[in-house]
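Here are some exercises to work through with the structure open beside you. Try each task on your own before you read its solution.

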Amino acid sequence: MNTEILLKSERCKGCGICVSFCPKKVLGLDTLGHCSVINEQACIACGQCELRCPDYAIFVDKKVGA
Amino acid sequence: MTDMKLMQGNEACAAGAVAAGVRFFGGYPITPSTEIAETMAKILPSVGGCFVQMEDEIGGMGVVLGASLAGKKVLTATSGPGFSLKQELIGYAACAEIPVVIVNVQRVGPSTGQPTSPAQGDVMQARWGTHGDHPMIALSPWTVRETFDAAVMAVNYAERFRTPVILLMDEIVGHLRENVQLPAAENIDIYPRRCPSKTRLQGYEPYAPEADLVPNPADFGTGYRIHVTGLVHDYTGFPSGSPAVTEEFIDRLHKKILLAQDEITHYDEFFMDDAEYAVVSYGGVARTAYEAVRQARAKGIKAGMIRLMTIWPFADKVIRRNAESLKGILVPELNYGQLKYEVERAAGGKCPVKLLAKYNTEIFVPGEILEGIEALKGGRL
Amino acid sequence: MKERTYEKYFRQNRLPHIWCPGCGNGIAMKAIVQAVEMRGLPRDKTIIVSGIGCSSRASGYMDFDTLHTAHGRAIPFATGIKLANPELNVIVITGDGDCTAIGGNHFIHGARRNIDLTVVLFNNTIYGMTGGQASPMTPLHKKATTAPYGSVDRPFDACNLAQAAGASYVARSTAFHVQHMTDMIAEGISCRGFAFIETVVQCPTAYGRKNKMPDPAEMMKWMRDNAVMKTAWDRMPEEKKADKFPIGVFHRHQAVEYTEAYSEVITLAQEGGK
């Protein structure tokens, strides 16, 4: 895993924008309707989710040294 | 004292405001207040201040509130139709507690009415023109010299109570020219705006009241990073939907003025020691009333006069005290009857209160008010 | 994880914000703080002024001196702040109803004076806070609660309006083009004069649901597919422009800035008005 995904669930309103824009289907909505990571392995840290999250609830980085 | 000079009421208003520290004026041209804007446009830049003519009356009100938040003492001036438009942001200033003085040089209404003819028809609008519960301070001068003093006082009260103050002039005083001797600068009391008593780190809350119930929100740009809103807010300045916060907030807005009510209620009493009948009067009409009372005295009628400079909060105490010993009160007004009802309320049934109303663009002449006094005495009103 | 340095510009204890799930306002608000950071504006000398409406709640979340004014009045308040203290950087956040309906007069006159404000219009094409009434920027034939059969009111192009009224800088971007939006705002901040940036943001709740586009991501994809960069737009044949709209910088013209002009008035007055 070369990427690091940080979710701030208390900010997430479950709009699904991140899920829609993720090119690798890394993200989904959990039973509470919050964003959750369902396939972390696939993440390429493109940052599309963070870029468009209107609630500042998801942050993605390449792992340091990776 | 400075040299004697011939001055117009509107010019004295501008001069008083500048003497009190006003360094920002925003407004929109409207007769009969325009000379105030014109005078400010000339004076303000010469003292490093700023004059801006806005696109409309509401803009004129908004721009002065912004400047006040950025630390300037501010003034705007208008007349009836513009006063109606300014009401929205007068309420904003009351709610967000922004010091501001609004001059209304009254003319005949409703609507465009009779431009430049004198009236006193905005007395109730000054009190209740903006929506919701709010306190109000309104001062109504009767001479050119007192217009200067009232402007100074209005600016000081706006700063001290962090509230809008209405300088409720009328066309008579606004366009009147009199010889005046203005006080020297060092003899003018100026209320400096208070600074926050705590730092951010010490837990500063911009809308936490001091002992006098007035808060000290910091001027913008001074590092406090405060939030100012027209929504009901708590001590932090941020909106709150809480019933308890709302009630305390509206209570405090009123009580901060009520606490100082006696001190800010200014009036004169003339010939009242043995008076049986009194004329209660204000603004330009008080000039005529004074002459009428003198003529009544010359005819042997024990007439006196109470001249109100502070219109709001209303001078309940002086009316109540005098009503006890009076046989009647006459309230001449250049309107269909406005302040008369306040006088009647304050008199509390102790003596009859009668209205002498005039609303035809003409001012009273002394004989009319004298006839009114005689009619009051004779029970014919 | 790297620190997101722009986060310091948010009042953390006020988040999450009140906007609906998927609302584009959060994207525009982040673009503003990132632009502020890019331009290195001193936080204590930067004032955020907003009007009333969904957009204008942004001021409460931003850790500057912030002013949430009355409906439509943000520009006059901001004008007063800037004139009273020209060293302050003043950013106005407004909405399509706030800016072009009730505040329309203030908007064109702010631009006419060319006072140094950065005005960011969050254009969601609807009155969101009051539940979805048509605004002066609701596209023709789109539905709103007060236009149940589709709007017959022709919409404003706020960018054309700002330019015609005399703004020094006029640009548009969208919530899909986040980096572009940040750049447009940052350039506006650098402009010494009236800078106007229209940010097209999605309102899935009040606008989208009424107009067969309830999914915020779909609305953003619509922006992706229909926004055309200015240079391409200029070369585009008219018949292909239907439903498309241009983004980018439309106007740059450094005219005399108002507070600078007024400082000359002060000099003149102090020299005795010669």
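Two residues are in contact if their C-beta atoms, placed from the backbone, lie within 7 Å. Keep in mind that this is a predicted model.

**Exercise 1. Which chains touch?**

Task: Find out which of the pairs of chains that touch has the most contacts, and how far apart the closest C-alpha atoms of chain A and chain B lie.

Solution.
- Step 1: Start with chain A and chain B. No contact joins them, and their closest C-alpha atoms lie 20 Å apart.
- Step 2: Turn to the 2 pairs of chains that touch. The most contacts are between chains B and C.
- Step 3: Now take chain C with chain A. Here 18 residues of chain C are in contact with 18 residues of chain A. On chain C's side, helix 1 (25-39) and helix 8 (216-226) each supply at least two residues, and helix 1 of chain C gives the most, with 4 residues. By class, this side of chain C has 11 nonpolar, 4 polar and 3 charged residues.

**Exercise 2. What does chain B bring to chain C?**

Task: Describe the side of chain B that touches chain C by its elements and by its residue classes.

Solution.
- Step 1: Count the residues. The contact takes 35 from chain B and 31 from chain C.
- Step 2: List elements of chain B that give two or more residues to this side. Among them are strand 2 (22-27), helix 2 (34-46), helix 4 (80-96) and strand 10 (227-229).
- Step 3: Look for the largest share. Helix 3 of chain B provides it, with 9 residues.
- Step 4: Sort by class. This side of chain B holds 18 nonpolar, 12 polar and 5 charged residues.

**Exercise 3. Follow a sheet across two chains**

Task: Work out the order of the strands in the open sheet of 9 strands, and say which strands are at its edges.

Solution.
- Step 1: Recall how strands join. Strands of a sheet pair through backbone hydrogen bonds, either parallel or antiparallel.
- Step 2: Begin with strand 10 of chain B, which pairs with strand 2 (residues 65-68) of chain C in the parallel sense over 3 bridges. In this pairing His227(B) stands opposite Thr66(C).
- Step 3: Move on to strand 1 (residues 46-50) of chain C. It runs parallel to strand 2 of chain C, and 4 bridges join the two. Ile47(C) has Asp65(C) as its bridge partner.
- Step 4: Write out the order: 10(B)-2(C)-1(C)-3(C)-4(C)-8(C)-7(C)-10(C)-9(C), with mixed pairing.
- Step 5: Check the edges. Strand 10 of chain B and strand 9 (227-229) of chain C each pair on one side only, which is what makes them the edge strands. From one strand to the next, the twist averages 20°.

**Exercise 4. Check a helix**

Task: Test whether the span of helix 10 (residues 258-270) of chain C agrees with 1.5 Å a residue.

Solution.
- Step 1: Find the expected span. For the 13 residues of helix 10 of chain C it should be 18 Å.
- Step 2: Compare. The end C-alpha atoms are 18 Å apart, so the two agree.
- Step 3: Look just past the helix. Gly272(C) follows helix 10 of chain C, and its phi is positive, near 95°.

**Exercise 5. How compact is chain B?**

Task: Compare the radius of gyration of chain B with the globule rule.

Solution.
- Step 1: Get an overview. Chain B has 13 helices and 16 strands.
- Step 2: Compare. The radius of gyration of chain B is 21 Å, close to the 21 Å that the globule rule gives for 381 residues, so chain B is as compact as a globular protein of that length.
- Step 3: Add the burial. Of the 381 residues of chain B, 55% count as buried.

Note on methods: Residues numbered from 1 in each chain as written. Chains lettered and ligands numbered in written order. Predicted model: local features only at pLDDT ≥ 70, side-chain atom pairs only at ≥ 80, totals over all residues. Nonpolar A, V, L, I, M, F, W, Y, C, P; charged D, E, K, R; others polar. Pairing = 2+ DSSP bridges. Rg over C-alpha atoms; globule rule 2.2 N^0.38 Å. Buried ≥ 20, exposed ≤ 12 C-beta atoms within 10 Å, placed from the backbone. Axes fitted to C-alpha atoms, helices over the stretch in contact; angles between N-to-C directions. Expected span 1.5 Å × (residues − 1).
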